[in-house]
Amino acid sequence: MIVLGYNGFSRSSELFERLYGATGVDRHLLMGHDAAAALSVDGEVVAAVEEERLNRDKKTSDFPVNAVGWCTESIGIRLDQVDVFAFPWKFTSAVAEEMIAGICARDMPVEAKFDHVRRVGELYTGMLSRSAVHDDFVRRTGFEMDPNKLLLVPHHLAHLMCGSYLAGGGDAAFLVSDGRAETLSSVMGEVRDGVVSVFDRGTVDVDNSLALAYGKITRYLGFVPNNDEYKVMGLAAYAPPPLRNPLLAQAVRLREDGSYTVSIPGDRRAYYALFDHLFEADPAKREEFGFRVKVASMAQHMVEAVTVHQTRALAAASGLDTLVFEGGLALNCVSNTKMLERSPFADIEVSFGAGDSGVAIGAAVYAGGLPRRHSPAGPTPYLGPAYEDHEIHEELLRVADRVEWVELEGGQVAQRTAELLSEKKVVGWFQGRAEYGPRALGNRSILANPAFGDIKDIINLRVKHREPFRPFAPVILESEAPRVFEMGKKRRSPYMTFVFPVKDDYRDRIPGACHVDGTARIQTVTSRSNPELARLLEAFSGQTGVPCLLNTSFNVAGEPIVCSPQDALECFLKTEIDHVVIGRYLVSKKSG
């Protein structure tokens, strides 16, 4: 059975800009962001890529026409050979009526209610309804899809299926928490013997979305909501947890069943006024670094308190040992670690597709059915495009006036790259199939030596062109991780979804990998999960005695992670990256 899962709407950006003002700093406050396509064959995901990697528009919400085309071409099939087209939003007429009823129940003037209903109606008919989804696919692909082959999958169920599939498909409790699905923002429950049970008492509606509340604080601090929340997370580490948090005291109410309410207005002027009141601020004070750190710490503390509350209630209701956590809030790796350590769960699994890029995979998995067992290699994030030597060489020839290169034999790639990284060099690393999700996991990465204390500043300012407070993640062999980091309940962290304290003995040895609070968001690697990267780590550690490498995404601020050799070379040439290793080619810039 062949299933194509996909996410993205042709009209999302247009409609949300016109109807809700989603432009400029608010440009990502829409549905369908992180558009992508994924292909499963007999229950196994064999190809997946985000549209942004191909159209080069970061976090695009557009219909993923390029991603759909690449997925089918990658395994040599046509669209008429696909059995099911799975889409991770299910706005039925019943859901639409529920949305209308919710608007009518709000405390607002009747004129405002009519305006809200009008806008929701236009969004539904122009983008969200089953017929609109079907017509969008036909119009963008030119393929007359049989309407009976279109399967609409509830958004949170798609999140769950992605996480459950990548965690191995066994029994587990689950928590999905994001900005919004159809009408809810968070659900919890369990999967037993392949049957999904939702604990209705723990559900949270969109009006009380914790992720949207965090996004409002993100905007208040001068960042882009639904995009820059990780900056708030990084800033929070510069201050200790607050002794008193007005957000928890006045804006959040926790309920015994694990649900909660969030009392923060939806209107921007109103929530700015509320935050100015709660944080004793004004427009000038908002610009101060110390103030932003304090507010970020409170926002992070709020997320941690609420999610720990949810997991404790869920553990008591379920009794299972493992928790699968998905949705946008699951990208908050600091909170994930605290959730695990403060909960009764023995382990928490957070996938590389925890955000909305993962719902394309989840929709495909749901339609194809969770496999009884995975392939021997197990689930992998390396699902995107790969390039042959001749394709890489053609791109090198195109920029031959600006670069020079040498071809390395198989065993030389790791050894020669390790030699470069033993110095204070920044190296682009481009190998194999592109990884899926928002984080570079070692196939489209920028690497450096964490033994140099100023290497973070060098990469932030000279390469990535981003804020100096931003940390980087170390990548380390799984077998070595417990020696360097306080892993707690975790034994592995392959997707950069948890943070761990760096052990005292290593803080001075890898200062470039330590955040200001002495923690690191690590990626663990094995020779099975990523053979080439594992060989590089072994060679680097053997030459230097340094147990890990600094790993950040191969891109500059505001651009998607590179996908093709052309992308990699263009990024290389406009930054101060010293060398790039593309396949077996070691590339340098010509002097002058």
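This report walks through the cores, one helix, the salt bridges and a few single residues of a predicted model.

## The nonpolar cores

Start with the inside. The largest nonpolar core has 116 residues. Within this core, Tyr220, Leu247, Phe279, Phe485, Ile510 and Leu536 touch the most other members. Helix 12 supplies the largest share of the core, 12 residues. A second core stands separate, with 41 residues. Among its members are Phe91, Val95, Met99 and Leu150.

Leu247 shows what the packing in the largest core looks like. Setting aside residues up to four places away in sequence, Leu247 touches Ile217, Val252, Phe275 and Leu278. Leu247 also touches Phe279, Met298, Ala299 and Met302. Of these partners, Phe279 is itself on the list of core residues that touch the most other members.

Helix 12 spans residues 289–318, and Phe289 belongs to it. Is Phe289 buried, exposed or partly exposed? Phe289 counts as partly exposed, because its relative accessibility is 43%. Together with Tyr238 and Val516, Phe289 makes a nonpolar surface patch of about 280 Å². So helix 12 gives residues to the core, and its residue Phe289 takes part in a patch on the surface.

## Helix 16 and its buried side

Helix 16 covers residues 410–421. Its buried residues are Val413, Ala414, Thr417, Ala418, Leu420 and Leu421. Where do they sit around the axis of helix 16? They lie on the same side, because they cover an arc of only 160°.

These buried residues pack against several elements. The strands are strand 15 (427–430), strand 16 (444–448), strand 21 (548–553), strand 22 (579–582) and strand 23 (585–589). Helix 20 (531–544) is also packed against them.

Val413 gives a close view of helix 16. Val413 is buried, at 4% relative accessibility. Leaving out neighbours within four places in sequence, Val413 is in contact with Leu408, Trp429, Gln431, Glu532, Val581, Gly583 and Arg584. One of these, Gly583, is 170 residues away along the chain, yet the two C-alpha atoms are separated by 8.3 Å.

## Salt bridges

Side chains of opposite charge can pair when their charged atoms come close. The structure holds 33 salt bridges. Three of them are listed here.

| Pair | N to O distance |
|---|---|
| Glu14 and Arg11 | 2.9 Å |
| Asp567 and Arg56 | 3.7 Å |
| Arg106 and Asp207 | 3.4 Å |

Which parts does the pair Asp567 and Arg56 tie together? Asp567 lies in helix 21 (residues 565–573), and Arg56 lies in the loop between helix 2 and helix 3. The pair therefore ties together parts that are 511 residues apart in sequence. Asp567 is buried, with a relative accessible area of 13%. Arg56 is partly exposed, at 28% relative accessibility.

Arg106 and Asp207 join two loops. Arg106 is in the loop between helix 4 and helix 5 (110–128). Asp207 is in the loop between strand 9 (204–205) and helix 8 (210–220). These parts are 101 residues apart in sequence, so the salt bridge ties together separate stretches of the chain. Arg106 counts as partly exposed, at 32% relative accessibility.

Glu14 and Arg11 belong to a network of salt bridges that also links Arg18 and Glu122. Glu14 is partly exposed, at 38% relative accessibility. Arg11 is partly exposed too, with a relative accessible area of 28%.

## Residues with a positive phi

Two residues stand out by their backbone angle. Lys59 is not a glycine, but its phi is positive, at about 60°. Lys59 sits in the loop between helix 2 (51–55) and helix 3 (65–74). That loop also holds Arg56. Lys59 is buried, with a relative accessible area of 13%.

His465 is the other case. Its phi is near 55°, a positive value in a residue other than glycine. His465 is in the loop between helix 17 (455–464) and strand 17 (473–477). His465 is partly exposed, with a relative accessible area of 47%.

## A pair across the sequence

Last comes Ala96, in helix 4 (residues 93–104). Ala96 is buried, with a relative accessible area of 13%. Ala96 and Thr183 are 87 residues apart in sequence. In space, their C-alpha atoms are 9.2 Å apart.

Note on methods: Residues are numbered from 1 along each chain as its sequence is written. This is a predicted model: local features need pLDDT of at least 70, side-chain atom pairs count only at pLDDT 80 or more; totals for chains, interfaces and linings use all residues. Side-chain values use heavy atoms; hydrogens and water are left out. Patches are made of residues with over 30% relative accessible area and no salt bridge: like charges are joined within 9 Å, nonpolar side chains (Val, Leu, Ile, Met, Phe, Trp, Tyr) within 5 Å. Accessible areas come from the Shrake-Rupley method with a 1.4 Å probe; for residues, only the protein chains shown count as cover. A salt bridge is a side-chain nitrogen of Lys or Arg within 4 Å of a carboxyl oxygen of Asp or Glu. Helices (H or I, at least four residues) and strands (E, at least two) are DSSP runs, numbered from the N terminus. Buried means under 20% relative accessible area, exposed over 50%, partly exposed in between (1.4 Å probe, protein chains only). A nonpolar core is a set of buried Ala, Val, Leu, Ile, Met, Phe, Trp, Tyr and Cys residues joined through side-chain atoms within 4.5 Å. Contact means heavy atoms within 4.5 Å. The arc is that of the directions from the helix axis to the C-beta atoms.
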